[in-house]
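Trainee: I would like a close look at one part of this model, the second largest pocket. Which residues line it, and how does the ligand site compare in make-up? Please take the pocket before the ligand.

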Amino acid sequence: MDEEKLDIEKTLAYFTLDEKTRMLSGDGLWHTFGAGEMPRVRMSDGPNGLRMTDDENLSAVPATCYPAPSMLACSWDPALLYSVGAGIGKEATAMGVNLLLAPAVNIKRHPLGGRNFEYYSEDPLLAGELGKAFISGVQSTGVGACVKHFAANNQETRRMYSDSVIDMRALREIYLKPFEIALEAAPEAVMCAYNKLCGEYCSQNEFLLTTVLRDEWGFDGAVISDWGAVRDRSRALAAGLDLAMPDSRGLFEQNINAALADGSITEQTIDRSVRRILRLTDNVYLEPYGDYDADENDKLAYNAAAACIVLLKNDNGFLPLTRDMRVTVCGGLADNAPIQGGGSSHVTALKSPSPLDAFGKRGIEITYCRGYSSDAKQNDRLLREAQDGAAASDAVIVYVGAPAPQEGIDRTTLDLPPEQDRLITELTAAGHRVIAVLCGAGPVRMPWINRVRAVVYAGLNGQNGALAAVDALYGRINPRGKLAETFPLDLSDAGDDFGKEQTIYRESIFVGYRYYDKINRDVLFPFGHGLSFSEISYDTMTVKRIGDAEFDVTVTLTNKSARDAYEIVQLYVADRTGRVMCAQKQLAGYMKVFIEGQTSTVATVRIKRRAFEFFNVENNAFEVADGEYKIIAAASAADVRLTATVKVNGEFSGAQQYPAVYVCPIRSKITDADFEQLLGAPIEKPQPRPQRGEYTLDCCITDIQHTFAGKIAKRAVMRRADGAGEPNSPERAAFIASALNTPLSAVYAMSGGAMTANQAKGVMEIANGKLFKGLKLVLKKNGR
Ligand code: BGC
């Protein structure tokens, strides 16, 4: 095979300096630049299906739409993630896509995170392992995978400017860990994030892109930028960013040439990245070949959806329903439930049957009442109709959910639209037996939780999600998914260190269940929670030592009911050494097992050293605290079934001091001074936003909105926003947020020629008060 590989050094020598410089940015929106004879690598999103678009036409070619990553994660099943990755990969090969811009393994730090639907989990082990399996699946087809967004990309507000301020332990143990694990599958590429990390843009962050990624983890693939994330091309290059996407339409070449001229970079720095781009091209480039089996992928999309539905509540076995029951279905969402989120991951689904279609497809007769509307004037009438419909029913299924999430904006509330809460509250108050089916992404508040009989989390479950949910309601499948994130009771529990221009991650390592556990706060549904129609007992646990900090844990389980079931066994470890600041417990392993009705089975899970490690900041290394640990077998983070105590032999036998507040780290009580102790440095003051006279192409419309040029630009955006979605819709809000908060250099680059460099510069000059200079530039005919 080796002789077929491209001779990188020979090929490199063949290019001129200009060609090499040009290769460091994309060609158009989706390709690498093919200098000379080099073919162009084609890239496409994304994490839940192929979104292949071209430069002219942004609507993607139809493709299989799988469950969104936030749902896929509820399967806790790396084998499934592998299959989905391979399914998307096959479609990519048929379309001639060489590099898939997925998976995204960022941590869900806060329930309002706007891209949580694209991310797997609040737990780094689960997120990392699922991402790793997905990568292996994609790459098994010959298509490269690009893991993203490196790193600490946990909010959408001001996403191209925001700064994530994180202490080293949290960074290493929580935010970098999923990447470290996912990289074990050797993805072809890593995509840097938009945001800054501790004051430095990820796109030019040498610590991230070189020290950690390459020197420590040994990554030898290509680092590419998120679309429009690069600010200073030569600084990014020096920091280790190989390919800037998309085409900068000349800006980055100018920047690199200037840096070469003043000696801040050399040709060697350019060569280093060109080599990696050549290697990437050689590894992944293929002409479109073969075809994919749409039926096979459709089945996979169904199986995935079935594996991901989570039965959150089921009083006295109210579910499954039987076909002879009289059932009323309510909710506008029953007619049109979102199957995915919006933005770069949005797939043109091959199909998207609604829940009502799904009842029809299964031949289940129901009565439908809309029940609620976003038009408040109609709600009294709709509610009365629903009450009447419900009166003659044995059960009422109410589809509820927030609007589909959109990349580019954070959620603003955990509340469902009030008319939906009201419908459930009034139906239950009238004594009806209500089942809530939760559509949409992630946690919501459920003020009516004690009054409903059952809750099914159907989420954003892809093109067959609606069918799988109906099958769960009627027992055609036995639900088996478990939550990969906590559903808090209330937003106030999640804290407000979120969505700022500079967001301080005060809670440090106490993210998700690690936080609620540590402060002993009740939640609506815990991490790892999910029921089935079967009762599963955890009978015995044996722990066998494999090494100093490695164990095989065997759990015996019994399915006490007649119905076959799956159970996702979770193992946590709890550090009892008292030597370091630590979570009450953290996920150490898991396994999904099939258990035939009325039988027992065993699950043996290897707990690796990684599960016991903490990052010792003093030694800049992961270490294990020596001493006693508890091993916990659990059905969720709040449902501990069996425990054992083990002695772990670790190299760290000292004790670390940390601020007392972290014994019970309620976010609002953690002061700057407390956090600075963990940070090991003062929190840097956020850089002041530029003022008149200082505006550059790095600024966005929000920065200049109070200037004459800014007002005109904003007005133009608002006018165009009307075409982006209904008033008050998330689609419209996302369009506005992104148009106002994207640096002008990126707007120019991505405008595909609609804006010239002179126009972009001209707008800034006008904002700087240089009206004539600016106008001259804006009106100039030539320029790219
Ligand atoms: C997103 C990436 C995506 C890229 C290309 C960006 O806006 O953040 O996740 O891969 O666009 O579509």
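Mentor: In this predicted model, 34 residues line the second largest pocket. Those nearest its centre are Asp163, Lys196, Cys198, Gly199 and Glu200. Four elements each give two or more residues to the lining: strand 6 (163-165), helix 6 (168-175), strand 9 (200-201) and helix 19 (672-679). Asp163 falls in the range of strand 6, and Glu200 in that of strand 9. The space in this pocket comes to about 670 Å³. Sorted by class, its lining holds 17 nonpolar residues, 12 charged and five polar.

Now the ligand site. The ligand is surrounded by 13 residues, and the closest are Asp45, Arg115, His149, Tyr194 and Asp226. Six residues of this shell are charged, five are nonpolar and two are polar. Several polar contacts can be listed by residue. For His149, one of the closest residues, an N or O atom of the side chain lies 2.7 Å from an oxygen atom of the ligand. The side chain of Lys148 also places an N or O atom 2.9 Å from a ligand oxygen. Glu407 has a polar side-chain atom 2.9 Å from an oxygen atom of the ligand. As for cover, the ligand taken alone exposes 310 Å², and the protein buries 94% of that.

Set side by side, the class counts are 17 nonpolar, five polar and 12 charged for the pocket lining, against five nonpolar, two polar and six charged for the ligand shell.

Technical notes. Residues numbered from 1 in each chain as written. Predicted model: local features only at pLDDT ≥ 70, side-chain atom pairs only at ≥ 80, totals over all residues. Heavy atoms only, no water. Near = heavy atom within 4 Å. Polar contact = N/O pair within 3.5 Å; in protein donor to acceptor, adjacent residues only side chain to side chain. Areas by Shrake-Rupley, 256 points an atom, 1.4 Å probe, with all protein chains shown as cover. Nonpolar A, V, L, I, M, F, W, Y, C, P; charged D, E, K, R; others polar. 1 Å grid on protein atoms, 1.4 Å probe; cavity = no way out; pocket = protein on both sides within 12 Å on 5 of 7 lines; lining within 4 Å. Points joined across faces, edges and corners; volume = space filled by probe spheres on them.
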